[in-house]
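Work through the exercises below with the sequence and the model at hand. Each task is followed by a solution in steps.

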Amino acid sequence: IGTATAGDLMIDASDVAQMGETVDAIAAFVDHIETLQLGTAQCANGLTDTDTLNSLTFLALVTAQQNHLEQAEKLYREALDGWRSTVGDDHPATRAAVCNLASVYTNWCWPLGPAADVSARNPAKAVELANQALQLQPDDAFHLNNLGVALYRTGDWQAAVDALEKA
């Protein structure tokens, strides 16, 4: 067992500030859980509360970061529907929701195509997901690259080349 010096126990002021911000963010999230639970049910009924939509979007983000992509997709889709009905397609919040949903499709797609473990590959699903991302963000180079890799894994060489060249 080693000994600690006073210098080992020093915490930088910026570390404390970051911890405080994290604690504040968690507390704010916890405060929104009830609203979020109600909001999820309301989304299907024409949700118009932007605070609840922000909370729903945050929950989707956390869910995606935990790699629960099917659940994240559902939450992002609900948020997107809510933003569209509340502020319209051209609003920055709606455009951000489109990008978030496309990112879930891309993150979901990527490991399915190039997985080192051949049994874990599902290139057909990867193609489907990459195309869904491209429907939301046409001509996005990142999504086109993922589509190209997935098409390569399916053996559709020419389509793979076309997607990768377009990327």
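**Exercise 1.** Determine which helices cover the buried residues of α7.

Solution. Start with the buried residues of α7, which are H143, L144, N146, L147, G148, V149, A150 and L151. Next, look at what lies over them in this predicted model: the cover includes α5, α6 and α8. Then take one residue as a check. Beyond its neighbours within four places in sequence, L147 contacts V127, A130, N131, L134 and A163.

**Exercise 2.** Describe the two ends of α7 and compare its length with the expected span.

Solution. At the start of the helix, a side-chain oxygen of D140 comes within 3.1 Å of the backbone nitrogen of F142. After the helix comes G155, with a positive phi near 90°. Between these ends, the 14 residues of α7 reach 20 Å from first to last C-alpha, close to the 20 Å expected at 1.5 Å a residue.

**Exercise 3.** Test the length of α6 against the expected span, and find what its buried residues pack against.

Solution. The end C-alpha atoms of α6 are 20 Å apart; this agrees with expectation because 14 residues at 1.5 Å a residue should span 20 Å. The buried residues of α6 are P123, A126, V127, L129, A130, A133 and L134. They pack against α5 and α7.

**Exercise 4.** Is L129 buried or exposed?

Solution. First place the residue: L129 is in helix α6. Its relative accessibility is 1%, and the cut-off for buried is under 20%, so L129 counts as buried. As for its surroundings, H143 is 14 residues away in sequence, and the C-alpha atoms of L129 and H143 are 9.4 Å apart.

**Exercise 5.** Identify the residues with the most contacts inside the largest nonpolar core, and the elements that build it.

Solution. The core has 30 residues, and those with the most contacts inside it are Y76, V104, Y105, W108, L147 and L151. Two or more residues come from each of α3 (50–65), α4 (69–87), α5 (92–109), α6 (123–136), α7 (141–154) and α8 (157–166). The largest share, eight residues, is that of α5.

**Exercise 6.** Decide where the coordinates call for caution.

Solution. The mean pLDDT of the protein chain is 74, with 64% of residues at 70 or more. Among the elements, α8 has the highest mean pLDDT (95) and helix α2 (residues 33–43) the lowest (50). Over residues 1–13 the pLDDT is below 50, and this stretch has four contacts beyond near neighbours in sequence. Where pLDDT is low, predicted coordinates should not be read in detail.

Methods
Residues numbered from 1 in each chain as written. Predicted model: local features only at pLDDT ≥ 70, side-chain atom pairs only at ≥ 80, totals over all residues. Heavy atoms only, no water. Core = buried A, V, L, I, M, F, W, Y, C linked by side-chain atoms within 4.5 Å. Buried < 20%, exposed > 50% of the residue type's maximum accessible area, 1.4 Å probe, protein only. Helix = DSSP H or I, 4+ residues; strand = E, 2+ residues; numbered from the N terminus. Contact = heavy atoms within 4.5 Å. Expected span 1.5 Å × (residues − 1). Polar contact = N/O pair within 3.5 Å; in protein donor to acceptor, adjacent residues only side chain to side chain. pLDDT = per-residue confidence, 0-100.
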